[in-house]
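Student: I have just opened this one and would like to be walked through it. Could we start with a single residue and work outwards?

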Amino acid sequence: MTPSQPTRRPTDAAYGDRETKYPTELLNLPWIDVHNHAHTLSWDDRERYALAGCRAMVMVASGYHWTPYKPVRAADVRYLWDDAINRRPAIERDHFVEAKLGLGIHTGVRIENPDELLGAMGDYLELEEVVAVGETGVTPSQHVSRWELDEQRAVVEAQMELAADHDLPVILHTPNQSSDSGRSYRPELGTPGYEKNPGLGQDPVIDGENPALEAVKVDVEAARDAGLAEKRVVASHADPNNTAYLMEETDCYLSYTIGHSWLIGVDAGDVADAIEAYGPDRIMVDTDCANVLRTDPLALKRAILELYRYGIDPEAIRTVVLENPREVFGIGG
């Protein structure tokens, strides 16, 4: 029975159920970010990860955004790999977060001599700090320099073969459909919050009504041809456009990127929908925080609370943000 209130007149408290128990264990639940570019962030941003309870992260060193030259050469990408390897120990020392690496060849811009990278990649994958190949995957449209579909697919499949040989998962860059705000910015300005020069996008190499989904299907076919088990593929940037295909026709894991929901329209509500529809066992969440985007290092911690508010049980939340990443990437133990 709710005791009477000492207030002068009844307030909301007189009518509420004061016996309700809330999952305070979620406040201290550790979590793993399976895809970010934290080595490009500020010291303060990385400290926010630590303060919010991040146990471990996969810092993806592949990315054409940080190379000043276009087209990109193999030496440019290898510099990015080397820079992340060099800086990783200091990041762990300063923030007490287990920081591992993903190394791969991103197809967002054409790389002039990818075979040189593929020839060197095997030695990098032997490093203890490297826990994933990627991010990689076919991209429908490139920045500055077009990369034909068959050439992209060959590079992606070669990386998947290396992943299979080294028993590593692949972080797949799945193109998603951006949110529709109803208006467009001036084409010469581009999208505020995303430091990418507008007007330099190339004509798509995939035609059809849904190039983003077709790219994912090409990637899955490449994994099968490479002999890489689908359960070793983590489809980052999952969204409602590719969830049904990946969940119903593959054994891949899905990771929903929520660090820049303002840009791609994916948030904790989409994650909750996927958990309710398919269960938590193949679902993860990542931030994809990087210095070229307006991103939020606290996004994953916020998602933990939001998932509960959306009706997801604490045990399912733990599976998504901690147990699944531990199992797939072998970190955060």
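**Starting from one residue**

Tutor: Leu322 is a residue of helix 10, which covers residues 314-329. Keep in mind as we go that we are looking at a predicted model.

Student: Is Leu322 buried or exposed?

Tutor: Leu322 counts as buried, because its relative accessibility is 0% and the cut-off for buried is under 20%.

Student: And what is Leu322 in contact with, leaving aside its neighbours within four places in sequence?

Tutor: With those neighbours left aside, Leu322 is in contact with Leu29, Pro30 and Ile32. There is also a C-alpha separation to note, since Leu322 and Met284 are 38 residues apart along the chain and their C-alpha atoms are separated by 8.3 Å.

Student: OK, Met284 then. Where is Met284 found?

Tutor: Met284 is found in strand 8, made of residues 283-286. Met284 counts as buried, because its relative accessibility is 0%.

Student: What does Met284 touch, not counting residues up to four places away in sequence?

Tutor: The list for Met284 includes Val34 and Val234, then Tyr253, Leu254, Ser255 and Tyr256, and also Val320, Asn324, Pro325, Val328 and Phe329. Of these, Tyr253, Leu254, Ser255 and Tyr256 belong to strand 7, which is formed by residues 253-257. As for distances, the C-alpha atoms of Met284 and Ala235 are separated by 9.5 Å, and these two residues are 49 apart along the chain.

Student: Let's look at strand 7. How many of its residues are buried?

Tutor: Five of the five residues of strand 7 are buried, so the strand is mostly covered. Tyr253, Ser255 and Thr257 point one way from the strand, while Leu254 and Tyr256 point the other way, and all of them are buried.

Student: Which strand is joined to strand 7, and which way do they run?

Tutor: Strand 6, with residues 233-236, is joined to strand 7 by three bridges, and the two run parallel. Within that pairing, Ala235 has Leu254 as its bridge partner in strand 7.

Student: What about the loop before strand 6, where Glu230 lies?

Tutor: Glu230 lies in the loop between helix 5, residues 211-226, and strand 6. Despite carrying a charge in the count used here, Glu230 counts as buried, with a relative accessibility of 13%. Not counting residues up to four places away in sequence, Glu230 touches Val220, Arg224, Thr250, Asp251, Cys252 and Tyr253.

Student: And after strand 6, what is unusual to look at in His237?

Tutor: His237 has a positive phi of about 65° although it is not a glycine. His237 is found in the loop between strand 6 and helix 6, residues 243-249, and it counts as buried at 5% relative accessibility.

Student: Where else is phi positive in a residue other than glycine?

Tutor: Asp167 is one such residue, with phi near 55°. Asp167 lies in the loop between helix 4, residues 149-165, and strand 5, residues 170-173. Asp167 is exposed, because its relative accessible area is 57% and exposed means over 50%.

Student: Changing topic: which residues does a cis peptide bond join?

Tutor: One cis peptide bond joins Lys70 and Pro71, with omega about -5°, and Pro71 lies in the loop between strand 2, residues 54-60, and helix 2, residues 74-95. Another joins Gly134 and Glu135, with omega about 10°, and Glu135 is found in strand 4.

Student: How covered is strand 4?

Tutor: Strand 4, residues 130-136, is mostly covered, as seven of its seven residues are buried. It pairs with strand 3, residues 98-103, in the parallel sense over three bridges, and Leu101 stands opposite Val130 there.

Student: Now the whole chain, please. How many helices and strands does the chain have?

Tutor: The chain has ten helices and eight strands, and 53% of its 333 residues count as buried. Among contacts between residues at least 6 apart in sequence, 77% join residues at least 24 apart.

Student: What is the radius of gyration of the chain, and what would a compact globule have?

Tutor: The chain has a radius of gyration of 21 Å, which agrees with the value near 20 Å that a compact globule of 333 residues would have. Along its principal axes, the C-alpha trace spans about 75 × 45 × 40 Å.

Key. Residues numbered from 1 in each chain as written. Predicted model: local features only at pLDDT ≥ 70, side-chain atom pairs only at ≥ 80, totals over all residues. Heavy atoms only, no water. Helix = DSSP H or I, 4+ residues; strand = E, 2+ residues; numbered from the N terminus. Rg over C-alpha atoms; globule rule 2.2 N^0.38 Å. Buried < 20%, exposed > 50% of the residue type's maximum accessible area, 1.4 Å probe, protein only. Contact = heavy atoms within 4.5 Å. Pairing = 2+ DSSP bridges.
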